[in-house]
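Morning, everyone. I have one structure to go through today, so please look at the screen.

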Amino acid sequence: MKKVLIVDDEPSVRFVLARTCERAGVSWGEAGSAEEARRELARAGRGAYGLVLLDVRLPGDDGMKLLSEIAAGADAPFVVMMTAEDTMRAAVEAMKRGAADYVGKPFDLDRVERIVRDLALGPPEAPEERAGAEPEARRGREAVPDLLIGRSPAMVEVYKEIGRVARTEMTVLLTGESGTGKELVARAIHANSERARGPFVTVNMAAVPRDLIESELYGHEKGSFTGAVERRPGKFELADGGTLFLDEIGEMPVELQAKLLRVLQEREVDRVGGTRPLAVDVRIVAATNADLHRAVEEGRFRRDLYYRLAVVPLRLPPLREREGDVVVLARHFAAKFGEQLRGRSVSLARDAEPLLRAHAWPGNVRELQNVLQRALLKLPGARLAARDLAGLLPGGAAQDRGLEGLVERILDGPAPEGGRHDQAVASVERPLFSAALARTGGNQLRAAELLGMNRNTLRERMRALGMKPR
């Protein structure tokens, strides 16, 4: 068994993590700065530490720089980054630089204990297998802006996966309900990849007429069909050296799927009416809100194409599974659209928060954005309150009818992944568990007793709902 090195400038944090290591049965060392951590790793010798719990913000050199140094070394230990700033940029950058995991503060200590057990006991991978590109090559690159907003555990998992896949050339298949931000995730993957300086090209299969899809993707030669008055490059050619985002891939006609499969395999395209293939260097990110498994079973989507696209499948959580993100997003949109529509930032009043949390948001982030834009159009002041949202949330009078209104909104809305039953149960359980924990000061045992259920059951349900223990 190897030791765990705890690197944080706050003694109280080091104390709590040390007790967590003791519960896991793992010995530990500690450091209060990056320089102390370097000295301790050098003193202990190669291979002595199997895991480093590393804070992002440290005195002197920051944790990200130290992560790059550790990941590039021989017999590199696993590194888990810790931060109070659960942003897309920090999580993605940590995973790109070779972190094994990323945890936010305040900690879920049960999760940290599981990480310590899993990583401190296992042999580290070779550093080149984890670190991807050389850290030195990445340091000179400009910072990538946060394209996605949200700090919920469900979104942090998405950020971590973006960081993992961005440093590879693997094809990614994004799945999730309409309005969950699949194109934003595709752009984030591109912006954090080695192709960031290349083009990002999108094509929506559902928006292109069926008889023009082949020309749209692969281009055509002059005179190849009626109306082809000049040579035109296709989306694959335009995306050469960059990323091609194939949105609504489930809408592609079956008869054209074989050609797409060949392009993905051979990395070359044939223009319509062309006489020779053209080599293309393109990374593919595809997306769908349809059930492609069912489409495969029903013969509407080729099985071999599905597996070619879903090398890395990534599911985006609906807004109802992103605890706390509704208010974070609402504040962001109020400020953003306030500047655009009114010339000044708009703040969100506290009384609007319960109303936003109570809504099921079947249209996800896109619906929230639409509601905020409409509310700001007629807002008299610079503060968005509950009264300003009255009548704007779908469901009309059902908004004021409690549980019955919630059920009606769910039945009237689009069918989500997992079905309406799971959506209804989650919509009730989440505020119920939050209220019970608030009454008991975050004590899960007392909250479980208040609800008349087993503590382990409560924790399992909270984990399934993406709820982060306080």
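I will take the sheet, then the helices on it, then the main cavity.

This is a predicted model, where local features need pLDDT of at least 70 and side-chain atom pairs count only at pLDDT 80 or more, while totals for chains, interfaces and linings use all residues. Numbering starts from 1 along each chain as its sequence is written, and side-chain values use heavy atoms, with hydrogens and water left out.

The sheet is open, with five strands in the order β2-β1-β3-β4-β5 and parallel pairing. Strands here are DSSP E runs of at least two residues, helices H or I runs of at least four, numbered from the N terminus; two strands pair if DSSP finds at least two bridges between them. At the edges sit β2 (28-31) and β5, each pairing on one side only.

Helix α2 (residues 34-44) packs on the sheet and touches β1, β2 and β3; contact means heavy atoms within 4.5 Å. Helix α4 (residues 88-96) also packs there, touching β4 and β5.

Is edge strand β5 (residues 101-104) buried or exposed? D101 and V103 on one side, and Y102 and G104 on the other, are all buried, meaning under 20% relative accessible area with a 1.4 Å probe, protein chains only. Four bridges join β5 to β4 (residues 78-83), and T83 has G104 as its bridge partner.

Last, the largest cavity. Its lining is L17, L53, V80, M82, V103, V112 and I115, with β4 and α5 (109-121) each supplying at least two residues.

Terms used
Buried < 20%, exposed > 50% of the residue type's maximum accessible area, 1.4 Å probe, protein only. 1 Å grid on protein atoms, 1.4 Å probe; cavity = no way out; pocket = protein on both sides within 12 Å on 5 of 7 lines; lining within 4 Å. Axes fitted to C-alpha atoms, helices over the stretch in contact; angles between N-to-C directions.
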